[in-house]
Amino acid sequence: VIQLDGKAAPQTVTNFKRLAEDRFFNRTTFHRVIPHFIIQGGDPLSKDDERDVHGEGGPGYVIKPEISRKHKRGAVAAARLPDDVNPLRYSNGSQFYICVVDAPSLDGKNTVFGQVIQGMEVVDKIAVLPRDDNANPLRPLRMDVKVMSRDEWEKK
C-alpha cells in the first residue's frame, strides 16, 4: 500500500493516479530488481516477453521534476534517464521505483512522490528474487495498481 504525496509532487501524483485509473500499469512487471537498493516497474514494454527492451518504455511523455523528498526505505519515486542525456532531470511518465533501503545517493536527483505504508515485507521479497544479468527477475512479477482514497482503504 502506497500513500501518495500530492503536496510534494502534485504533477507526478496526478499522473500516477490517472495511469492507475486507466489500468496502464496492470500486467506490467517489476523489471529491475537490485538487492539492498531498489525495485523498479511501470514500463509498458514489460507486458511483452521481449525482455531486452524492458526498462525502455513509457507513456510517450516525461514530467517536470518535483524534487524535494528524501529517499528513505519505502520511498516511491519516479525513474528517469541519467543526467548526461537528461540534464533537466525530467521523470519518466510511468516508470517508478521503491527504495528497499535508505538511498541518500538519490536525494536531490529524482522525484519522490509516495511512501509504502503497508507491505514492505513484499518489497523485501521482490528485492531478492533470482534475476538475469539485466537485473530482471527470471520469472515475471506482474502488478495490478488500484487507486483508493484513504476512506475507501480504511473501510476495507
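The legends below walk through several views of a predicted model.

**Figure 1. The whole chain, with 3 helices and 8 strands.** Let's start with the overall picture before moving in. Along the sequence, the elements of the protein chain run in the order β-α-β-β-β-β-β-β-β-α-α. The C-alpha trace covers about 40 × 40 × 30 Å along its principal axes. For a compact globule of 156 residues one would expect a radius of gyration near 15 Å, and the protein chain agrees, since its own value is 15 Å.

**Figure 2. Burial, surface and contacts of the protein chain.** How much of the chain counts as buried? Of its 156 residues, 41% do. The accessible surface of the protein chain is about 8,800 Å², and carbon and sulfur atoms hold 51% of that area. Contacts reach far along the sequence too: take those in the protein chain between residues at least 6 apart, and 70% of them join residues at least 24 apart.

**Figure 3. The largest pocket, with a volume of about 940 Å³.** Its lining is made up of 30 residues, and those nearest the centre are Val1, Ile2, Gln3, Val145 and Lys146. Five elements are worth picking out here, as each gives two or more residues to this lining: strand S1 (2-4), H1, strand S7 (96-99), helix H2 (120-127) and helix H3 (150-155). If you are thinking about the chemical character of the walls, the lining of the largest pocket divides into 20 nonpolar, 5 polar and 5 charged residues.

**Figure 4. The second largest pocket, with a volume of about 580 Å³.** Which residues lie nearest the centre of this pocket? They are Gln40, Ala79, Arg80, Leu81 and Pro82, out of 27 residues that line the second largest pocket. The elements that supply two or more lining residues to the second largest pocket are strand S3 (38-41) and S6. By class, this lining holds 11 nonpolar, 11 polar and 5 charged residues.

**Figure 5. The cavity inside the structure.** The structure has 1 cavity of 30 Å³ or more. The volume of the largest cavity is about 70 Å³. Around the largest cavity sit 13 lining residues, with Thr12, Asn15, Asn92, Gly93 and Ser94 nearest its centre. At least two lining residues come from each of helix H1 (10-21) and strand S6 (91-92). H1 contributes the most to the lining of the largest cavity, giving 3 residues. Are charged residues present or absent in this lining? They are absent: the lining of the largest cavity consists of 6 nonpolar and 7 polar residues, with no charged ones.

**Figure 6. A closer look at Thr28.** Where does Thr28 sit along the chain? Look for Thr28 in the loop between H1 and strand S2 (30-34). Is Thr28 buried or exposed? Thr28 counts as buried because its relative accessibility is 0%, and the cut-off for that class is under 20%. Several parts of the sequence meet this residue. Setting aside neighbours within four places in sequence, Thr28 is in contact with Gly42, Asp43, Pro44, Ser46 and Lys47, and also with Leu141, Arg142 and Met143.

Definitions and conventions: Residues numbered from 1 in each chain as written. Predicted model: local features only at pLDDT ≥ 70, side-chain atom pairs only at ≥ 80, totals over all residues. Heavy atoms only, no water. 1 Å grid on protein atoms, 1.4 Å probe; cavity = no way out; pocket = protein on both sides within 12 Å on 5 of 7 lines; lining within 4 Å. Points joined across faces, edges and corners; volume = space filled by probe spheres on them. Helix = DSSP H or I, 4+ residues; strand = E, 2+ residues; numbered from the N terminus. Nonpolar A, V, L, I, M, F, W, Y, C, P; charged D, E, K, R; others polar. Rg over C-alpha atoms; globule rule 2.2 N^0.38 Å. Buried < 20%, exposed > 50% of the residue type's maximum accessible area, 1.4 Å probe, protein only. Contact = heavy atoms within 4.5 Å. Areas by Shrake-Rupley, 256 points an atom, 1.4 Å probe, with all protein chains shown as cover.
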